[in-house]
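Work through the exercises below with the sequence and the 3D view open. Try each task before you read its solution.

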Amino acid sequence: MDTTVTTGTEENVWGGGNEPLGASYGKLMMWFFLVSDALTFSGFLAAYGFSRFKFIEIWPIADEVFTHVPFFHGNFPMYYVAFMTFILIMSSVTMVLAVDAGHKMKKNSVIWYMFLTIIGGAIFVGSQAWEWATFIKGDYGAIETKGGRILQFVSVDSGERAALRDFTEKLPEERVAHENRNGLWFYDEGTLPTYSVNEVVEGFKANSNIVIRTELLNEKGEKTVLSRAESLKYLDNAKYVVEGANLVRNEYGSRLFADFFFFITGFHGFHVFSGVLINLIIFFNVILGTYERRGHYEMVEKVGLYWHFVDLVWVFVFTFFYLV
């Protein structure tokens with residue numbers, strides 16, 4: 001009696017039975033990676049959301065932070081961020097077209113659409129680098145008090161932010177960075193700010209048209225503007241001049257905002273940069289005819305899954321950081 005049992009065939013990449021969910025091994029592993037990466041981003045955004053609403057009264061207003069557009073001077077809230085988002089979404093569209101062309105074995109169309117996808121990704125990464133540089137450099141400057149509060153300056157006449165350079169007075173004082181010999185409280189100060197606290201305070205006193213705006217939100221959801229007398233009292237606690245943002249100080253408001261901005265947008269930017277590099281590799285393989293000889297363009301589809309994922313994550317990052 002023949003008791004031979006057939007357990008599977010070698011007709012597919014799994015080498016034993018049906019393909020789970022109709023997906024090849026490579027695509028299933030990509031899905032596993034994307035799910036784990038989605039959980040990582042979810043944790044980051046949940047932490048941001050918790051901090052955002054815990055410190056809602058001192059959180060920077062996005063429309064007042066992201067107002068710059070390359071080669072243009074003026075106040076353009078969210079314009080450039082919207083442009084970056086549009087470019088990334090359109091690159092996802094071209095990736096869909098590349099995958100569709102691959103299914104139809106149209107090599108030239110795959111090359112063209114992947115090229116457009118790479119260009120879109122490169123524009124986004126370059127734009128994000130420019131946004132980081134602008135955010136770090138700052139535009140107006142502010143004062144940090146001994147209690148860690150941020151004081152910004154406003155023109156009474158226009159109601160607009162006033163930059164430190166607009167009213168600060170230059171004083172004949174010597175400014176020396178902290179050194180080890182200064183004592184046990186020594187710390188690495190880094191680059192000195194453009195102005196000293198004394199120069200800002202004296203300039204403020206000499207310009208009656210300038211008042212202070214605190215980082216606290218009022219009932220209208222706007223930053224609280226103090227009277228001239230209240231502003232002078234607040235300046236008695238001035239400790240540091242803050243220009244731009246870093247992981248320690250932030251002229252826009254809560255330092256946590258800058259910490260999360262650098263970490264989350266940087267982490268996402270690294271994903272996009274990696275995606276551009278991977279797309280380049282696949283792009284050149286398409287040109288060389290690698291997938292044409294294989295008889296399928298599944299690699300284009302797998303990298304397309306990754307690219308759609310980073311696009312989708314940006315939608316959530318954009319919503320959390322710029323819209324909420």
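Ala, Val, Leu, Ile, Met, Phe, Trp, Tyr, Cys and Pro count as nonpolar, Asp, Glu, Lys and Arg as charged, and the others, Gly among them, as polar. This is a predicted model: local features need pLDDT of at least 70, side-chain atom pairs count only at pLDDT 80 or more, and totals for chains, interfaces and linings use all residues. Residues are numbered from 1 along each chain as its sequence is written, and side-chain values use heavy atoms, with hydrogens and water left out.

**Exercise 1. The largest cavity**

Task: Find which residues line the largest cavity, and sort them by class.

Solution:
- Start with the rule. On a 1 Å grid over the protein atoms alone, a cavity is a set of points where a 1.4 Å probe fits but cannot get out; a pocket is an open set with protein on both sides within 12 Å along at least five of seven lines; lining residues have an atom within 4 Å of a point.
- Volume is the space filled by probe spheres set on the points, with grid points joined across faces, edges and corners.
- The count is 3 cavities of 30 Å³ or more. The largest cavity has a volume of about 100 Å³.
- Its lining is Val65, Phe66, Thr67, His68, Tyr80, Val81, Trp130, Glu131, Thr134, Phe135 and Tyr252.
- Sorted by class, that lining has 7 nonpolar, 3 polar and 1 charged residues.
- Now add helices (DSSP runs of H or I, at least four residues) and strands (runs of E, at least two), numbered from the N terminus. α4 gives the most to this lining, with 4 residues.

**Exercise 2. The second largest cavity and a salt bridge**

Task: What lines the second largest cavity, and which side chain meets that of Glu64 in a salt bridge?

Solution:
- The second largest cavity has a volume of about 50 Å³.
- Pro60, Ile61, Glu64, Val65, Gln152, Arg161, Arg213, Lys223 and Tyr252 line it.
- By class, this lining has 4 nonpolar, 1 polar and 4 charged residues.
- Side chains of opposite charge can pair when their charged atoms come close.
- A salt bridge needs a side-chain nitrogen of Lys or Arg within 4 Å of a carboxyl oxygen of Asp or Glu. Glu64 meets Arg213 in this way, at 3.1 Å, N to O.
- Glu64 is in helix α2 (residues 62–65) and Arg213 in strand β3 (residues 210–217), so the pair ties together parts that are 149 residues apart in sequence.
- By the rule, the count comes to 10 salt bridges.

**Exercise 3. The second largest pocket**

Task: Which residues lie nearest the centre of the second largest pocket?

Solution:
- The second largest pocket has a volume of about 430 Å³.
- Its lining holds 20 residues; His68, Lys137, Gly138, Asp139 and Arg165 lie nearest the centre.
- The classes are 8 nonpolar, 7 polar and 5 charged.
- α4 (107–137) and α5 (164–167) each supply at least two lining residues. α4 gives the most, with 3 residues.

**Exercise 4. A nonpolar patch**

Task: Which residues form the nonpolar patch on the surface?

Solution:
- Patch residues have over 30% relative accessible area and no salt bridge; like charges are joined within 9 Å, nonpolar side chains (Val, Leu, Ile, Met, Phe, Trp, Tyr) within 5 Å.
- Accessible areas come from the Shrake-Rupley method with a 1.4 Å probe; for residues, only the protein chains shown count as cover.
- The patch is Phe86, Ile89, Met90, Val93, Leu97, Leu312, Val315 and Phe316, with about 680 Å² of accessible area together.
- α3 (79–103) and α10 (298–323) each give two or more of these residues. α3 gives the most, with 5 residues.
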